[in-house]
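Please open the model in your viewer and keep the selection panel at hand. The tour below proceeds by selection, one stop at a time.

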Amino acid sequence: IHKVMKKILPLALLFIFTAMYSFAQKTIIRNETAEIAGGTHPASLVTLENAELEKVEKAFSSYLKKQKGKQEKSDGLIFQDNAMVKDISPDTIDIYAAFKSSGKDVTIIMAVNRNGHFINNELGSARGVEELLYEFVVDFRKEQASEELEIVEKALNAMEKNHEKLVDSTEDLKKENEEMKQKISDNEAVIKENQEKISKSKAELNTQQELVKSKSAALKSIE
């Protein structure tokens, strides 16, 4: 039990702190210029903490597919051709997405081409671009937090079961001790009673031995 607890507790604490850290993060979209789509263009960037690069790429790819259009992937770059996002434009747009991993963090770099011009929300005139990335990040973080919660809940469940086993085992030992105490008490009473019987039996035994000697002598004296 103790070995299991030693394995479970550090894992549970790790994910508890990770989950707390994740919940503490506010989603901030950065409007910058970045190297993407064959040049330096206005782009929207966001960093996901404690995330896996492959998982982020896969999730963002699925997210962009929901915006319709045709998707192409090449060397870590996702290109969503002729996507439809009404909050950005009534016409089709092209979306480019690149990903950079640094330690446990993953940064998404998204560039949107609308009518031949790359745009972001730096001037506050393309809020839909920012919201497109923001909605993905919020959904991704919720899924991430949900998975972390499931892990710590499983760890908690295992810890609770082991705690119950420890409590039950301790109560069983206490019960055994009480039974042993009673058994000792009972045995001591029987021992005391037997000692009295032994003394009486010893006296009777001596009397009987003397009687046997007397009878044996009487037998031998007959002529």
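The stops that follow lead from a central strand to the cores, the aromatic rings, a helix and a single residue.

**Before starting**

This is a predicted model, in which local features need pLDDT of at least 70 and side-chain atom pairs count only at pLDDT 80 or more, while totals for chains, interfaces and linings use all residues. Residues are numbered from 1 along each chain as its sequence is written, and side-chain values use heavy atoms, with hydrogens and water left out.

**Stop 1: strand 6 and its partners**

Select residues 105-114, which form strand 6. Helices (H or I, at least four residues) and strands (E, at least two) are DSSP runs, numbered from the N terminus. Eight of the ten residues of strand 6 are buried, so the strand is largely enclosed by the rest of the structure. Buried here means under 20% relative accessible area, exposed over 50%, and partly exposed in between (1.4 Å probe, protein chains only).

Which strands pair with strand 6? Two strands pair if DSSP finds at least two bridges between them.

- Add strand 2 (residues 39-48), which is antiparallel to strand 6 over five bridges; S44 has M110 as its bridge partner.
- Add strand 5 (residues 93-102), joined antiparallel to strand 6 by nine bridges; here Y96 is partnered by A111.
- Add strand 7 (residues 117-119), joined antiparallel to strand 6 by three bridges; F118 stands opposite N113.

Two hairpins can now be inspected. Strand 5 and strand 6 have two residues between them, and G103 in that turn has a positive phi of about 65°. The hairpin of strand 6 and strand 7 also has two residues between the strands, with N115 at a positive phi near 55°.

**Stop 2: the nonpolar cores**

Next, display F60, I95 and I108, the residues with the most contacts inside the largest nonpolar core, which has 28 residues. A nonpolar core is a set of buried Ala, Val, Leu, Ile, Met, Phe, Trp, Tyr and Cys residues joined through side-chain atoms within 4.5 Å. Two or more residues each come from strand 2, helix 2 (53-65), strand 4, strand 5, strand 6 and helix 3 (127-221). Helix 3 gives the largest share of this core, six residues.

Centre the view on I108. Leaving out residues up to four places away in sequence, I108 touches S44, L45, V46, L48, V56, F60, A98, F99, L133 and F136, where contact means heavy atoms within 4.5 Å. Another core, of ten residues, lies apart from the largest one and includes I36, L45, Y96 and F118.

**Stop 3: the aromatic rings**

Rings of Phe, Tyr and Trp (its six-membered ring) pair if their centres lie within 6.5 Å; planes under 30 degrees apart count as stacked, over 60 as edge-to-face and the rest as tilted. By this rule there are seven aromatic pairs.

Select F79 and Y96, which are stacked at 4.7 Å centre to centre with 25° between the planes. F79 lies in strand 4 and Y96 in strand 5, so the pair ties together parts that are 17 residues apart in sequence. Then add F118, whose ring forms a tilted pair with Y96: 5.7 Å centre to centre, 40° between the planes. This second pair links strand 5 to strand 7 across 22 residues. Y96 is buried at 15% relative accessible area, and F118 counts as buried at 18%.

Finally, show F60, Y63, F99, F136 and F140, which ring pairs link into a cluster.

**Stop 4: helix 2**

Which residues of helix 2 are buried? Select V56, F60, S61, Y63 and L64. They cover an arc of only 160° around the axis, which puts them on the same side of helix 2; the arc is that of the directions from the helix axis to the C-beta atoms. The face turned away from this buried side carries the exposed residues E54, K58 and K65. Among the elements covering the buried residues of helix 2 are strand 3 (70-74), strand 4 and helix 3.

**Stop 5: I78**

End at I78 in strand 4 (residues 77-83). I78 is buried, with a relative accessible area of 4%. Beyond its neighbours within four places in sequence, I78 has contacts that include S61, L64, I95 and F99. The C-alpha atoms of I78 and L64 are 8.9 Å apart, although the residues are separated by 14 places along the chain.
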